[in-house]
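Reader: Hi! I've just opened this one and would love a friendly tour. Could you walk me through it?

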Amino acid sequence: MNTLFVNMKSQLTFSKELLETVGFEVYRTRTECKCTPGQDRRDAIIGIMEYDEAVMVKVIRCRGCVNRKEAGNV
């Protein structure tokens, strides 16, 4: 599963619309990020597309994780 982090809720909505455009089934949810336990519940979306294998993408809204190098965002 690929995980991306975004700063704003509007970026989360944009990601949702983009994934739906290319054929993913997208679900809004709450999930845990890489921040301090107990303070790490964040808005997120999960996108699923089925080919020969399932492709899954998770996008989490967390400013702290975006600023860390391990977030994978540049």
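Author: Happy to. One term before we start: two strands count as paired if DSSP finds at least two bridges between them. With that in hand, Leu4 stands opposite Val59 in E4. Keep in mind that this is a predicted model.

Reader: Thanks! Which residue is the bridge partner of Thr3 in E4?

Author: That partner is Lys58. Stepping back to the strands themselves, E1 and strand E4 (residues 54-61) run parallel and are joined by 5 bridges.

Reader: And how do E3 and E4 pair, parallel or antiparallel?

Author: E3 and E4 are antiparallel, with 7 bridges between them. One opposing pair there is Met49 and Val55, the latter in E4. The link from E3 to E4 is a hairpin of 3 residues.

Reader: Nice. What order do the strands of the sheet come in?

Author: The order is E1-E4-E3-E2, in an open sheet of 4 strands with mixed pairing. At the edges sit strand E1 (2-6) and E2, each pairing on one side only. On average, neighbouring strands are turned by 25° against each other, direction ignored.

Reader: Changing topic: how many helices does the chain have?

Author: There are 2 helices, alongside 4 strands. Following the sequence, you get the pattern β-α-β-β-β-α. Helix H1 (residues 9-21) lies across E1, E2, E3 and E4, and its direction is at about 10° to E3.

Reader: Let's zoom in on a residue. Is Thr31 buried or exposed?

Author: Thr31 is found in strand E2, and it counts as buried because its relative accessibility is 16%, below the 20% cut-off. Leaving aside residues up to four places away in sequence, Thr31 touches Asp40, Arg41, Arg42, Ala44, Lys58 and Ile60. You met Lys58 earlier as the partner of Thr3.

Reader: Where does Lys34 lie?

Author: Lys34 is in the loop between strand E2 (25-32) and strand E3 (41-50). Its relative accessibility is 46%, so Lys34 counts as partly exposed. The C-alpha atoms of Lys34 and Cys65 are 6.5 Å apart, although 31 residues separate the two along the chain.

Reader: You mentioned a cysteine. How many disulfides does a search of the whole structure find?

Author: The search finds 0 disulfides.

Reader: Why is there no bond between Cys33 and Cys35?

Author: Their sulfurs are 3.6 Å apart, and Cys35 holds the closest cysteine sulfur to that of Cys33, so the distance is too far for a bond. A disulfide needs the two sulfur atoms within 2.5 Å. Cys65 is in no disulfide either: the nearest cysteine sulfur, in Cys62, is 3.7 Å away.

Reader: And are Cys33 and Cys65 buried or exposed?

Author: Cys33 is buried, at 10% relative accessible area. Cys65 is buried as well, with 2%.

Reader: Last topic, the whole chain. What radius of gyration does it have?

Author: The chain has 12 Å, which agrees with the value near 11 Å for a compact globule with 74 residues. Its C-alpha atoms fill a box of roughly 35 × 25 × 25 Å along the principal axes. Buried residues make up 34% of the 74 residues.

Reader: What about the surface and the contacts along the sequence?

Author: The accessible surface comes to about 5200 Å², and 50% of it belongs to carbon and sulfur atoms. As for contacts between residues at least 6 apart in sequence, 51% join residues at least 24 apart.

How values were computed. Residues are numbered from 1 along each chain as its sequence is written. This is a predicted model: local features need pLDDT of at least 70, side-chain atom pairs count only at pLDDT 80 or more; totals for chains, interfaces and linings use all residues. Side-chain values use heavy atoms; hydrogens and water are left out. Buried means under 20% relative accessible area, exposed over 50%, partly exposed in between (1.4 Å probe, protein chains only). Contact means heavy atoms within 4.5 Å. Axes are lines fitted to C-alpha atoms, for helices over the stretch in contact, and angles run from 0 to 180 degrees between N-to-C directions. The radius of gyration is taken over C-alpha atoms; the globule rule is 2.2 Å times the number of residues to the power 0.38. Accessible areas come from the Shrake-Rupley method with a 1.4 Å probe; for residues, only the protein chains shown count as cover.
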